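I set out to record what I looked up in this entry. The notes follow in the order in which I made them.

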Amino acid sequence: MANINGKTEFLQALNTCKTEGKSTVELYNEISSLAMQYGLSQARAPAERNAYYLSMEFLIGRSFFNNLMELGVLDETRELLKEKGVDINVFEEIEDAALGNGGLGRLAACFLDSAAGLDLPLHGYGIRYKYGLFKQAIENGFQVELPDDWQRFGDPWSVRKPREKRKIVFADMVVTAVPYDMPVFGKRVNVLRLWQAEGSAEAQKISEYLYPADDTEEGKLLRLRQEYFFSAAAVGELLDKHVKLHGKSFDSFADYNAIQLNDTHPVLAIAELIRVLTTKYKVAFGKAEEIAKKTFAYTNHTVMPEALECWGASLVKKILPDIYDVLLRLQESQTAEFKRLGCSEEEAADMAIYANDRFSMANLAVYVGRTVNGVAKLHTDILKSSLFKTAYKYYPDKFQNKTNGITQRRWLMLCNRELSDLLDKTIGTAWREDITHLGELNTHVDAALNGFVKVKAEKKKQLFAYIKKHEGAEIPENFIVYSQVKRLHEYKRQLMTAFAILEIYKGLADGTVKDFHPSVFVFGAKSAPSYKRAKAIIKFINEIANKVNSDTRTNALLRVVFVKNYNVSYAEKIVAGTDVSLQVSTAGLEASGTGNMKFMMNGAVTCGTMDGANIEIVELAGKENNYIFGAEVDEIERLKQGDYNPSAILKADALHSYAVNTLIDGTFSDDGTGGFQGLYDALTVGASWHKPDHYFVLHDLKSYVNALLQINADSNNEKAFAAKQIKNIANSAHFSSDRTIKEYAVDVWQI
Ligand code: 26V
């Protein structure tokens, strides 16, 4: 095959490519491989100083369309294929890598996209799971998990590099880590290097499954192996590269390498760097610790205590004895440092790497990290004032905020070509290169109104067609769309939305809710397989959907759809076709949220609490253009201290009682699983590990229903409502991950 090293050659090769008699998968692989040759030919010499993003998860989604777009050949490819009688959309049938659970993994993918787009040398290191996040089927309203065998179509966007394999040593086995490189195309070509575990059957297990839980630790031993496996492969490779390029003078290691720890999952990389320096290269421990302190930076993504990883000392000692020794020595030097700083015993215990026979990955990351950052202003404030309060007292300069962002290339240009074209017409095309130009839309809201209303209608039509195809559910054209799509968690309060829907439904049925603009509530959510309450909430929503959608008294006005297998590709459709973005977590618990940003950029108003990045969204787009309700953080704190009494709220409010009682009064069936009773009890009596309604669903429910109804009423004034939506788009540039990555590049990585 001819060498493809330019756009012209790519298009020529595509033109001569025969399509007749080939399956979609064959064509997909052929075109992808042509694009890979073209893309890789654009790679330049590597940078001197590089940043590395170590992450257990990269939720990439479909690569095909995005990569063709990044390579500047998507439109021509679409046209060429059309001439050959192939509709490019057939490749939507081919799934891609879902190597992440949710926000944390998708953020990693957005960051890589932005860095490549900004010509910054940031590379990813992760795990090449054989099976990504499970595929979700819904059977009789219940979630059923199926394996995600994403490689069955081939993997044309990866290149296996067997010559760069590494040995990873555990006390009880040696595992080979084989890298697969996925190029990240943009102004430069960066690399996402995913390691695959090979060797014995036991060894291969390490990269078999992505952990589907993002709330609890499960399968501790395997998880520990996974974390060490990819951290050690990455650190080992960076050290080897350093020796090759600069010799064994490790003083300069941090001049060439910045390593970002995406949450606590890769934190063992710190211990591994010190282990290799002290054992293989005989660097003194103190010196090695200094090098680590200059190299690593840590991002925290959650304040939920269940997700802050601690490793049992005996487990670490058993399978990683040398790492165990390093961790104990780090604890020693930490204790010495605390003495110098004059910390009290209590303060030292609070920040300790080792306590109660466990190693705290968060405390290790905070101790060694050059910087520690949260992912939205409020979240960083909470880290400083509570989770890492003591550390903030002694190391205030480490702490920074880096509000998350999303890549506008996937989340606007690719998923909403119609809106992108409208922006071109309204403010010119400069925003495509530099997203800050989006702000110019603020002075062209009226000019964009008619066009925007048309675009939104078109994107809804596409979404409804997609939903019809995948769920079989019919949604009439004039409906406004409220969407809540995200992992299923009690703190995200999908259950509160379910109750609100029931109250509106009752109001429509008995005529107390009047002049209601026809509306559909769209849910998409996967639950961790072992998370009983989350699974019960999925069943509850599906029961509500059945009832509401089949009630001829109300179904011309209200519909509910739970889309199965919500993933990146579904999100691309939903964010573009939504009017109202539901972001209703209990204040203080959603670190940032990034779905909220995707909806905003596509012209949805936010109906949400003052939590995570919602706060910054309304700060920029205006409270008057969004719908904020519910208790704020300080009130939640007061409620926690005081005698919050959800049962009293229930008793006093007939609508709330109606909605909540449907869990137990036989309106809906959980097929005898007891799941609904469990949800009811959690709200009314609590459990051994929590007080009743610890996410304050009943406290916020009234103001939530009111906000939903206010939005509904406002939407009747089509132009005024569209103006609110446009103002959200106009102020969304701040939530581009280009902005976030520039901040990391300057404040953390110095690349
Ligand atoms: C923890 C664990 C514990 C062990 C089992 C597997 C597992 C997987 C993930 C996690 C941590 C999840 C943290 C997370 O996803 N945080 C989300 O990060 C987003 C990006 O910063 C942010 O927008 C969301 O608000 C935050 O919930």
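**Ligand contacts.** I looked first for polar contacts to the ligand, taking a polar contact as a pair of N or O atoms within 3.5 Å; within protein, one must be able to donate a hydrogen and the other to accept it, and residues adjacent in sequence count only if both atoms are side-chain atoms. A side-chain N or O atom of Glu 590 lies 2.6 Å from an oxygen atom of the ligand. For the side chain of Tyr 491, the corresponding distance to a ligand oxygen is 3.3 Å. Ala 591 contributes a backbone N or O atom, 3.3 Å from an oxygen atom of the ligand. The ligand exposes 600 Å² when taken alone, and the protein buries 95% of that; these areas come from the Shrake-Rupley method with a 1.4 Å probe, and for residues only the protein chains shown count as cover.

**Basis of the values.** I note that this is a predicted model, in which local features need pLDDT of at least 70 and side-chain atom pairs count only at pLDDT 80 or more, while totals for chains, interfaces and linings use all residues. Residues are numbered from 1 along each chain as its sequence is written, and side-chain values use heavy atoms, with hydrogens and water left out.

**Ligand shell.** I then listed the residues near the ligand (one heavy atom within 4 Å of it). There are 19 residues around the ligand, and Ala 213, His 301, Asn 404, Glu 590 and Gly 593 come nearest. Helix H5 (residues 103-117) gives the most to this shell, with 3 residues; helices are DSSP runs of H or I with at least four residues, strands are runs of E with at least two, and both are numbered from the N terminus.

**Cysteines.** How many disulfides does the structure hold? I found 0 disulfides, a disulfide being a pair of cysteine sulfur atoms within 2.5 Å. For Cys 415, the closest cysteine sulfur is in Cys 110, 11 Å away and too far for a bond. Cys 415 is buried at 7% relative accessibility, where buried means under 20% relative accessible area, exposed over 50%, and partly exposed in between (1.4 Å probe, protein chains only). Cys 17 is also buried, at 8%.

**Positive phi.** Lys 282, not a glycine, has a positive phi of about 55°. Lys 282 sits in the loop between helix H9 (268-279) and helix H10 (285-295), and is exposed at 66% relative accessible area.
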